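Subject: Structure handover

Hi,

Here is the structure for you to work with. My notes follow below it.

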Amino acid sequence: MSARGKFISLEGGEGAGKSTLLAGLREHMEQQGITLVQTREPGGTPIGEALRAVLLDPAQHGMAAETELLLMFASRAQLVREVIEPALAAGRWVLCDRFADASYAYQGAGRGQPSERIAQLERWACMGVTPDLTLLLDLPVATGRARAAGRGDADRIEVEADAFFERVRACYRARAVAEPQRFQLIDASQSPAEVLRAAMRAVGDLLAAERA
Ligand code: Z5A
């Protein structure tokens, strides 16, 4: 029987460079002989992608914070059961663009939902699945927003004010300080090549621990 796979999540604010990093990291990991499943949140399953469309649709501006939180966890519950847990159990590694930390940052710090409520949902929805490594791409809000601005229409969350994204950033950074074994904070204002190198170092450490 193959060993259980490892779970790596990518987090960060808008325009932090997660998609850019994912492409390079995936290639690097496959060169290391790692069989990989890449997915994203919200989304990653047919049900999750349908929920993502509702969650990010600017026309849904009346969405209550509670509804937003529950839909994020509905997508996550489906992703854990349909994709993440089966992949890990089969010995594959999972690379996920955002996971539960995003709910503490956006729905918790951003929208003001109590973190204990989020923790209860996490216990219920995630079946004990937590990332082995979380790569946090950290950069000033203004820099990330400027990068994302070139992309066209903002989604329902991207239209929030800078203060919302400052709270999101502060929450992510606090979580990284609270869990230094799991988080690797990467300065995302560096060049894409430097960000990739920092991520590869962190993945290399995980791989070395796995092979030891
Ligand atoms: N959300 C939530 O509220 N609660 C939750 O529980 C979850 C999510 C799971 C969708 O996320 C939204 O859902 C998100 C949080 C919320 N809303 N917001 N805001 P998403 O991850 O799909 O979308 P995103 O956060 O908006 O990601 P993004 O803006 O697409 O950013 P990115 O993937 O991190 O960046 P990128 O596309 O790689 O790069 C952006 C641009 O910068 C692009 O032109 C790149 O070429 C450029 N770039 C990238 N890296 C660099 C460097 N190093 N230097 C210079 N330029 C760079």
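Where is Ala59 found? Ala59 sits in the loop between H2 and H3. Please keep in mind that this is a predicted model.

Let me finish with Ala59 before moving on. Ala59 counts as exposed because its relative accessibility is 53%, and the cut-off for exposed is over 50%. Ala59 also has a partner far along the chain. Ala59 and Arg156 are 97 residues apart in sequence. In space, their C-alpha atoms are 7.6 Å apart.

The ligand site

Now the ligand. The space it takes is the largest pocket. Four elements each give two or more residues to the shell around the ligand: helix H1 (18-31), helix H2 (46-56), helix H3 (65-89) and helix H4 (100-110). H4 gives the most, with four residues.

There are 28 residues around the ligand. Ser19, Thr20, Arg52, Arg98 and Arg151 come nearest. By type, the shell divides into ten nonpolar, eight polar and ten charged residues.

Three side chains are worth a look for their distances to ligand oxygen atoms:

- Arg98: a side-chain N or O atom is 2.3 Å from an oxygen atom of the ligand.
- Thr20: the corresponding distance, again from a side-chain N or O atom to a ligand oxygen, is 2.6 Å.
- Glu158: here a side-chain N or O atom and a ligand oxygen are 3.1 Å apart.

Taken alone, the ligand exposes 1100 Å². The protein buries 82% of that area.

Arg98 and other backbone points

Arg98 deserves a second visit. Its place is in the loop between strand E3 (93-97) and H4. Phi of Arg98 is near 80°, which is a positive value in a residue other than glycine. Is Arg98 buried or exposed? Arg98 counts as buried, because its relative accessibility is 14% and the cut-off for buried is under 20%.

Met127 also has a positive phi, near 55°, and is likewise a residue other than glycine. Met127 lies in the loop between helix H5 (115-125) and strand E4 (133-138). Its relative accessible area is 46%, so Met127 is partly exposed.

Next, a cis bond. The peptide bond from Glu41 to Pro42 is cis, with omega near -20°. Pro42 has its place in the loop between strand E2 (36-40) and H2.

Gln107 and Arg197

Back to H4, which holds Gln107. Gln107 has a relative accessible area of 2%, so this residue is buried. Its side chain is joined to the side chain of Glu68 by a polar contact of 2.6 Å.

Arg197 is the last residue on my list. Arg197 is found in helix H8, residues 192-211. It counts as partly exposed because its relative accessibility is 45%. Which distance separates the C-alpha atoms of Arg197 and Gly112? They are separated by 35 Å, with their positions 85 residues apart along the chain.

If you open one view, take the ligand with Arg98 and Thr20, two of the residues that come nearest.

Best regards

Note on methods:
Residues are numbered from 1 along each chain as its sequence is written. This is a predicted model: local features need pLDDT of at least 70, side-chain atom pairs count only at pLDDT 80 or more; totals for chains, interfaces and linings use all residues. Side-chain values use heavy atoms; hydrogens and water are left out. A residue is near a molecule or strand if one of its heavy atoms lies within 4 Å of it. A polar contact is a pair of N or O atoms within 3.5 Å; within protein, one must be able to donate a hydrogen and the other to accept it, and residues adjacent in sequence count only if both atoms are side-chain atoms. Accessible areas come from the Shrake-Rupley method with a 1.4 Å probe; for residues, only the protein chains shown count as cover. On a 1 Å grid over the protein atoms alone, a cavity is a set of points where a 1.4 Å probe fits but cannot get out, and a pocket is an open set with protein on both sides within 12 Å along at least five of seven lines; lining residues have an atom within 4 Å of a point. A molecule sits in a cavity or pocket if more than half of its atoms lie within 2 Å of its grid points. Ala, Val, Leu, Ile, Met, Phe, Trp, Tyr, Cys and Pro count as nonpolar, Asp, Glu, Lys and Arg as charged, and the others, Gly among them, as polar. Buried means under 20% relative accessible area, exposed over 50%, partly exposed in between (1.4 Å probe, protein chains only).
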